[in-house]
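Q: Please take a close look at one helix of this model. I would like to know how it is built into its surroundings and what spaces it borders.

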Amino acid sequence: MKKLVMLFAFVLISQIGMAQTGDAMKGEVIKFLEVSGMKGQVDGIKGQLLAAVADDKKADFTKEFDSSVNNLIDKSTKVIGKYYTLEQFKGSMKDIETTRELNLPEIENGQQFNDELGKVNEEFSLELQGIMEKYVSQE
């Protein structure tokens, strides 16, 4: 029984540690989006689309748009975390303020990484297209 309790405690601690690493990686991804200017671009797109949404639907549009962006960040973070450690990602962030580009170290499965990230972006584009069709008036 004591071994079972210890095993459960170990699994619980491991899961908490993994969640904290995931949260830290997500924080770094968000920082990258802000520093690189991508967050500003997304906010600009949102503002342009919001101008074409009827006033009574703006709150719903904003909720769905923000949820979609958060989903994109979550999925991107998972892909990045699958191929890079938090330390590698943080290390690559050091010169981003001057270059505005994220220069990640080469990895063995670089094409697979790019494909997975591309799929996440494609899913986001399709989701955004659906949101636009739902809320943006075609007048």
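The answer below deals with helix H3 and the parts around it.

A: The model is predicted. Helix H3 runs over residues 58–83, which makes 26 residues. At 1.5 Å a residue these should span 38 Å, and the end C-alpha atoms of H3 are 38 Å apart, so the expected and the computed span agree.

Next, burial. The buried positions of H3 are Phe 61, Phe 65, Ser 68, Val 69, Leu 72, Ile 73, Ser 76, Thr 77, Val 79, Ile 80 and Tyr 83. Nonpolar side chains tend to be buried together in soluble globular proteins. In this model the largest nonpolar core has 27 residues, and those touching the most other members are Phe 61, Ile 80, Phe 89 and Phe 113. At least two residues of this core come from each of helix H1 (2–36), H3, helix H4 (86–93) and H6. H3 provides the largest share, eight residues. Phe 113, outside H3, shows how the helix is met from elsewhere: apart from residues up to four places away in sequence, Phe 113 touches Val 79, Ile 80, Tyr 83, Tyr 84, Leu 104 and Ile 107.

Ser 68 is a polar position within helix H3. Its relative accessibility is 1%, and it therefore counts as buried, the limit being under 20%. Beyond its neighbours within four places in sequence, Ser 68 is in contact with Phe 124, Glu 127 and Ile 131.

Ser 68 also borders an enclosed space. There is one cavity of 30 Å³ or more, and the largest cavity holds about 40 Å³. Its lining consists of Ser 68, Asn 71, Leu 72, Lys 75, Val 120, Glu 123, Phe 124 and Glu 127. Both H3 and helix H6 (110–135) supply at least two residues of that lining. By class, the cavity lining comprises three nonpolar, two polar and three charged residues.

Leu 72 lines the largest cavity and is also one of the residues nearest the centre of the largest pocket, together with Phe 32, Leu 33, Met 38 and Ile 73. This pocket has about 790 Å³ of space and is lined by 29 residues. H1, helix H2 (38–51), H3 and H6 each give at least two residues to the pocket lining, with H3 giving the most, eight residues. The pocket lining divides into 19 nonpolar, five polar and five charged residues.

Note on methods
Residues are numbered from 1 along each chain as its sequence is written. This is a predicted model: local features need pLDDT of at least 70, side-chain atom pairs count only at pLDDT 80 or more; totals for chains, interfaces and linings use all residues. Side-chain values use heavy atoms; hydrogens and water are left out. Helices (H or I, at least four residues) and strands (E, at least two) are DSSP runs, numbered from the N terminus. The expected span of a helix is 1.5 Å times one less than its number of residues. Buried means under 20% relative accessible area, exposed over 50%, partly exposed in between (1.4 Å probe, protein chains only). On a 1 Å grid over the protein atoms alone, a cavity is a set of points where a 1.4 Å probe fits but cannot get out, and a pocket is an open set with protein on both sides within 12 Å along at least five of seven lines; lining residues have an atom within 4 Å of a point. Grid points are joined across faces, edges and corners, and a volume is the space filled by probe spheres set on the points. Contact means heavy atoms within 4.5 Å. A nonpolar core is a set of buried Ala, Val, Leu, Ile, Met, Phe, Trp, Tyr and Cys residues joined through side-chain atoms within 4.5 Å.
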